[in-house]
Amino acid sequence: MNGELFVGMIPNELTVSSMMEKSGRKDVDILKMDIEKGEFGALEPFIREYSVCQILIEIHGTPAEHFKMLKIMARYHFRIFNVDPNPYCIKCSEYSLIHDNCMDQYGVVPLTPIIPRSEY
């Protein structure tokens with residue numbers, strides 16, 4: 001897969017952007033993020049700066065916090081294609097999202113957005 005492993009506490013010791021800088025890349029096919037509420041501060045700056053096709057993310061928090069994060073991703077043209085509640089964490093769910101620009105390369109047929117543009 002030609003990947004790299006980075007270890008550290010986000011954002012105290014390591015930022016997601018610093019991992020990209022070290023790897024010399026500006027794009028990511030699949031971003032898997034599970035950083036125990038750190039996703040709220042880490043995701044938006046990352047997707048604003050880097051091109052990402054798919055996001056697999058576990059969001060921790062209240063339903064309002066989940067919705068807030070999903071609205072941010074929708075603003076950057078990501079659409080949900082799968083949701084898995086975490087049976088071990090009642091405030092956690094795993095979301096799988098794909099960017100509008102990557103649908104053709106993965107053979108995805110877009111459905112109606114779950115979060116209407118008027119919401120973000």
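This text walks through a predicted model, from a strand pair to the nonpolar core and then to the disulfides.

Start with the hairpin. Strand β3 covers residues 78–85, and strand β4 covers residues 92–99. The two run antiparallel and are joined by seven bridges. Six residues make the hairpin connection from β3 to β4. One pairing is a handy landmark: Phe 78 has His 99 in β4 as its bridge partner.

Next comes the interior. In soluble globular proteins, nonpolar side chains tend to be buried together. Here the largest nonpolar core contains 21 residues. Within that core, Leu 43, Ile 55, Ile 57 and Met 73 have the most contacts. Both helices and strands contribute. The elements that supply two or more residues are β1 (27–33), α2 (39–49), β2 (51–60), α3 (63–75) and β4.

Ile 55 is a good place to look around. Leaving out residues up to four places away in sequence, Ile 55 touches Leu 31, Leu 43, Ile 47 and Met 73, among others. Its contacts also include Phe 78, Tyr 95, Ser 96 and Leu 97. Phe 78 thus appears twice: as a contact of Ile 55, and as the bridge partner of His 99.

Now the cysteines. How many disulfides does a search of the whole structure find? The search finds two. One joins Cys 53 to Cys 102, with an S to S distance of 2.1 Å. This pair links distant parts of the chain. Cys 53 sits in strand β2, while Cys 102 lies in the segment after β4, 49 residues apart. The torsion about the S-S bond of Cys 53 and Cys 102 is about -75°, so this disulfide is left-handed. Are its two ends buried or exposed? Cys 53 counts as buried because its relative accessibility is 7%, under the 20% limit. Cys 102 is buried too, at 5%.

The other disulfide is formed by Cys 89 and Cys 92, with sulfur atoms 2.0 Å apart. The torsion about the S-S bond of Cys 89 and Cys 92 is about 50°, so the disulfide is right-handed. Its ends fall into separate accessibility classes. Cys 89 is partly exposed, because its relative accessible area is 24%. Cys 92 counts as buried at 4%.

Finally, put the bonded cysteines in sequence order. Numbered that way, they pair 1-4 and 2-3.

Conventions:
Residues numbered from 1 in each chain as written. Predicted model: local features only at pLDDT ≥ 70, side-chain atom pairs only at ≥ 80, totals over all residues. Heavy atoms only, no water. Pairing = 2+ DSSP bridges. Helix = DSSP H or I, 4+ residues; strand = E, 2+ residues; numbered from the N terminus. Core = buried A, V, L, I, M, F, W, Y, C linked by side-chain atoms within 4.5 Å. Buried < 20%, exposed > 50% of the residue type's maximum accessible area, 1.4 Å probe, protein only. Contact = heavy atoms within 4.5 Å. Disulfide = S-S within 2.5 Å.
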